[in-house]
Amino acid sequence: MSYIKTKAKSARDALQQGIYVVINPFVRLLLRMGVTPNIITFIGFLGNLAAAVAIGWGAYSSQGRTLEWVWLTWGGALIIGFSLFDMLDGQAARIGHLASTFGAFFDSVLDRYCEFVTVGAVAYLFLCRGWDIAALLTFLALMGSLLVSYTRARGEGLGVVCKIGFMQRPERVVVTALSLLATGICGQCGVRSFDPLWIVAVAMGIMAVFTNLTAIARINYMRKHLV
């Protein structure tokens, strides 16, 4: 198991470094334009807010009618696109030597806001469509997501680094965004063998399970490392 974890971490690190090679020229351009890491962080939040508005508007405007799938496609695309700013701000801080304690705090807080608005918009979507159980699963996914982040932050505040578990923020962003994209595309293509909204519902169910399992695992980890 440890070998698998090591290989997975190595693959993830290699992918991250590859992404940095691509985005570094853009980061340097932003720095030359006077764009600070905190501004980049805020732009990323605005993009996620736009994604939430797209999802919410698609749900609201189609109540009692066929869902306008294009809004879900836009929501997923915006989440993917603007979540890249989560990498851009960190690189801007490192390359421009602009790292600050407040910047790290600001980034973490806006990350939580991004999850609140995007996953909250998905819950609203299910409520508008009358999918109450899916809305409940989405709420549990959001609760688990926040607890995954909180257990790590609280542990670090007590002097213990705790990064164990699955469904950390990058995984949650990917699952949410890709499920919305797949749902929107399937809906626009006229898939009739099943309701495409099931794709997002299953994704939220998976997140609900694994985020809360991760939070529980971190609680147990802290129990062993704190007196």
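## A walk through the helices

R152 and E156 form a salt bridge, with their closest N and O atoms 3.1 Å apart. That's a good place to start our tour, but keep in mind that everything here comes from a predicted model. Why might two such residues team up? Side chains of opposite charge can pair when their charged atoms come close. R152 and E156 sit 4 residues apart in helix 6, so about one helical turn separates them. How covered up are they? R152 has a relative accessible area of 29%, which makes it partly exposed, and E156 is partly exposed too, at 37%.

Elsewhere, salt bridges that share partners join R112, E115 and R172 into one network. One link in it is the bridge between the side chains of E115 and R112, at 3.8 Å from N to O. Both of these residues belong to helix 5, 3 residues apart, or about one turn of the helix. E115 is tucked away: its relative accessible area is 4%, so it counts as buried.

How many salt bridges are there in the whole structure? The count is 4. Another one of them brings together the side chains of R169 and D111, at 3.5 Å from N to O. R169 lies in helix 7 and D111 in helix 5, so this pair ties together parts that are 58 residues apart in sequence. Are these two partners buried or exposed? R169 has 12% relative accessibility and therefore counts as buried. D111, at 10%, counts as buried as well.

Now let's go back to helix 6, which covers residues 132–157, and check its length. It has 26 residues, and at 1.5 Å a residue it should span 38 Å. The C-alpha atoms at its ends are 37 Å apart, which agrees with that expectation. Plenty of this helix is hidden: its buried residues include A134, A135, T138, L142, G144, V148 and T151. What do the buried residues of helix 6 pack against? Their partners are helix 5, helix 7 (169–188) and helix 8. After helix 6 comes G159, which has a positive phi near 90 degrees.

Helix 8 is our next stop, and R218 is one of the residues you'll find there. With a relative accessible area of just 1%, R218 is buried. Which residues does R218 touch, if you leave aside its neighbours within four places in sequence? The contacts are V148, T151, R152, C162, K163, I164 and Q168. Notice R152 in that list: we met it at the start as the salt-bridge partner of E156. For a sense of distance, try finding D195: R218 and D195 are 23 residues apart in sequence, and their C-alpha atoms are 36 Å apart in space.

Helix 8, residues 197–225, also holds V209. Unlike the buried R218, V209 has a relative accessible area of 45%, so it is partly exposed. V209 belongs to a nonpolar patch on the surface, along with F166, F194, W198, V202, I206, F210, L213 and I216. Together, the residues of this patch offer about 870 Å² of accessible area.

Let's finish with the aromatic rings. A pair of aromatic rings is described by the distance of the centres and the angle of the planes. A search of the whole structure turns up 9 aromatic pairs. Take W57 and Y60: their ring centres are 5.9 Å apart and their planes meet at 40 degrees, so the pair is tilted. Both residues lie in helix 2 (residues 37–61), where 3 residues, about one turn of the helix, separate W57 from Y60. W57 is partly exposed, with a relative accessible area of 43%, and Y60 also counts as partly exposed, at 47%.

F102 and F106 make another kind of pair: it is stacked, with 5.6 Å from centre to centre and 20 degrees between the planes. These two are 4 residues apart in helix 5 (residues 101–129), so about one helical turn lies between them. Finally, look for F42, F45 and Y113, which ring pairs link into a cluster.

Definitions and conventions
Residues are numbered from 1 along each chain as its sequence is written. This is a predicted model: local features need pLDDT of at least 70, side-chain atom pairs count only at pLDDT 80 or more; totals for chains, interfaces and linings use all residues. Side-chain values use heavy atoms; hydrogens and water are left out. Patches are made of residues with over 30% relative accessible area and no salt bridge: like charges are joined within 9 Å, nonpolar side chains (Val, Leu, Ile, Met, Phe, Trp, Tyr) within 5 Å. Accessible areas come from the Shrake-Rupley method with a 1.4 Å probe; for residues, only the protein chains shown count as cover. Buried means under 20% relative accessible area, exposed over 50%, partly exposed in between (1.4 Å probe, protein chains only). Rings of Phe, Tyr and Trp (its six-membered ring) pair if their centres lie within 6.5 Å; planes under 30 degrees apart count as stacked, over 60 as edge-to-face and the rest as tilted. The expected span of a helix is 1.5 Å times one less than its number of residues. Contact means heavy atoms within 4.5 Å.
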